[in-house]
Amino acid sequence: METEQRYLTIALTKGRLASKTMSILEQTGITCEEMKNPDSRKLIFTNEELKLRFFLAKGPDVPTYVEYGAADIGVVGRDTILEEQRKLYEVLDLGFGKCTMCVCGPESARKYLNGQQLIRVATKYPRIAKDYFYNQKNQTVEIIKLNGSIELAPIVGLSEVIVDIVETGSTLRENGLVVLEEICPLSARVVVNQVSMRMENERITKILNDLNQVILK
Ligand code: PRP
């Protein structure tokens, strides 16, 4: 007798990444009509036929759900993966949500990046900033954690520079700041729970292969 298939759970990052992910999934034949209602406050959605569940979470929580196995698969930015340092497999670059993690500030702050100065660095990404300054540049800095509008920090004198994501560069331009150094490229990634990868290998591999086909098109 065939045992009933369990639900595979997919955690999506709320917002733009979720809608882009759903449109790529749709091209692989995975749909979720319930999720398309913009007025809905529902957090979890099911595709009964394919035995799939989807839920929306804040970016930094997606790796947490995946590490603990509350989600088998997650879609999240590489910035969040690097910052959260969770135990999971990063298996696929979806190629959208492209941007760069950078050190930014006013042009006049470039002189502080020579490795000698104890400067203040404001960021939403303290781990990434610390790793970059301490391990790659060998520069001791004070990291100040903020939760958004990071570009404000050097303007109002909270820090000399910031470590933040640059996509189009317009936030920097409109605030008189520039990219001083590039840290690493970023984009949306698929992550998988380590146990699920073994236990549900066939189903997960099929989803990943189908996604890969769509991306390569
Ligand atoms: C992100 C990032 C920058 C901006 C970069 O902020 O922190 O501020 O986008 O994009 P751009 O180069 O295209 O201008 P987000 O909009 O996520 O809001 P936040 O300030 O609340 O983090």
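This report covers the overall build, the two sheets and the ring contacts of a predicted model.

**Overall build**

The chain holds eight helices and eleven strands. Its C-alpha atoms fill a box of roughly 70 × 35 × 35 Å along the principal axes. Of the 217 residues, 45% are buried. The chain exposes about 12,100 Å², and carbon and sulfur atoms supply 48% of that area. Contacts between residues at least 6 apart in sequence were also sorted by separation: 68% of them join residues at least 24 apart.

**The six-stranded sheet**

One open sheet has six strands in the order β2-β3-β1-β4-β11-β5, and its pairing is mixed. Strands β2 (44–47) and β5 (89–93) form the edges, each pairing on one side only. Neighbouring strands in this sheet are turned by 25 degrees against each other on average, direction ignored.

Inside the sheet, β1 (residues 8–13) and β4 (residues 73–77) run parallel and are joined by three bridges. A11 has G74 in β4 as its bridge partner.

Two helices lie across strands of this sheet. Helix α1 (residues 16–27) crosses β1, β3, β4 and β11 (188–192), at about 135 degrees to β1. Helix α8 (residues 201–216) lies across β1, β3, β4, β5 and β11, and runs at about 30 degrees to β5.

**The five-stranded sheet**

The other open sheet described here has five strands, ordered β8-β7-β9-β6-β10, again with mixed pairing. Its edge strands are β8 (142–145) and β10 (178–186), and each pairs on one side only. The twist from one strand to the next averages 25 degrees.

Strand β7 (residues 120–123) pairs with β8 in the parallel sense, over four bridges. R120 stands opposite E142 in β8.

Past β8 comes a loop that leads to α5 (152–156), and S149 lies in it. S149 counts as exposed because its relative accessibility is 54%. T171 is 22 residues from S149 in sequence, yet the two C-alpha atoms are 9.3 Å apart in space.

**Aromatic pairs**

A pair of aromatic rings is described by the distance of the centres and the angle of the planes. A search of the whole structure finds two such pairs.

| Pair | Centre to centre | Angle between planes | Class |
|---|---|---|---|
| F55 and Y65 | 4.8 Å | 70 degrees | edge-to-face |
| Y132 and F133 | 5.5 Å | 80 degrees | edge-to-face |

What makes the F55 and Y65 pair edge-to-face? Their planes stand at 70 degrees, and the class needs over 60. The pair links distant parts of the chain, with F55 in strand β3 (residues 52–57) and Y65 in helix α2 (residues 62–67), ten residues apart. F55 is buried, at a relative accessible area of 10%. Y65 is partly exposed, at 35%.

Are Y132 and F133 buried or exposed? Y132 counts as buried because its relative accessibility is 9%. F133 is buried too, at 0%. The cut-off for buried is under 20%.

**Charges over rings**

Two lysines sit over tyrosine rings. The charged end of K111 lies over the ring of Y112, 4.9 Å from its centre. K130 lies over the face of Y134, at 5.6 Å from the ring centre.

Methods: Residues are numbered from 1 along each chain as its sequence is written. This is a predicted model: local features need pLDDT of at least 70, side-chain atom pairs count only at pLDDT 80 or more; totals for chains, interfaces and linings use all residues. Side-chain values use heavy atoms; hydrogens and water are left out. Rings of Phe, Tyr and Trp (its six-membered ring) pair if their centres lie within 6.5 Å; planes under 30 degrees apart count as stacked, over 60 as edge-to-face and the rest as tilted. Buried means under 20% relative accessible area, exposed over 50%, partly exposed in between (1.4 Å probe, protein chains only). A charge sits over a ring if NZ of Lys or CZ of Arg is within 6 Å of the ring centre and within 35 degrees of the ring normal. Two strands pair if DSSP finds at least two bridges between them. Axes are lines fitted to C-alpha atoms, for helices over the stretch in contact, and angles run from 0 to 180 degrees between N-to-C directions. Contact means heavy atoms within 4.5 Å. Accessible areas come from the Shrake-Rupley method with a 1.4 Å probe; for residues, only the protein chains shown count as cover.
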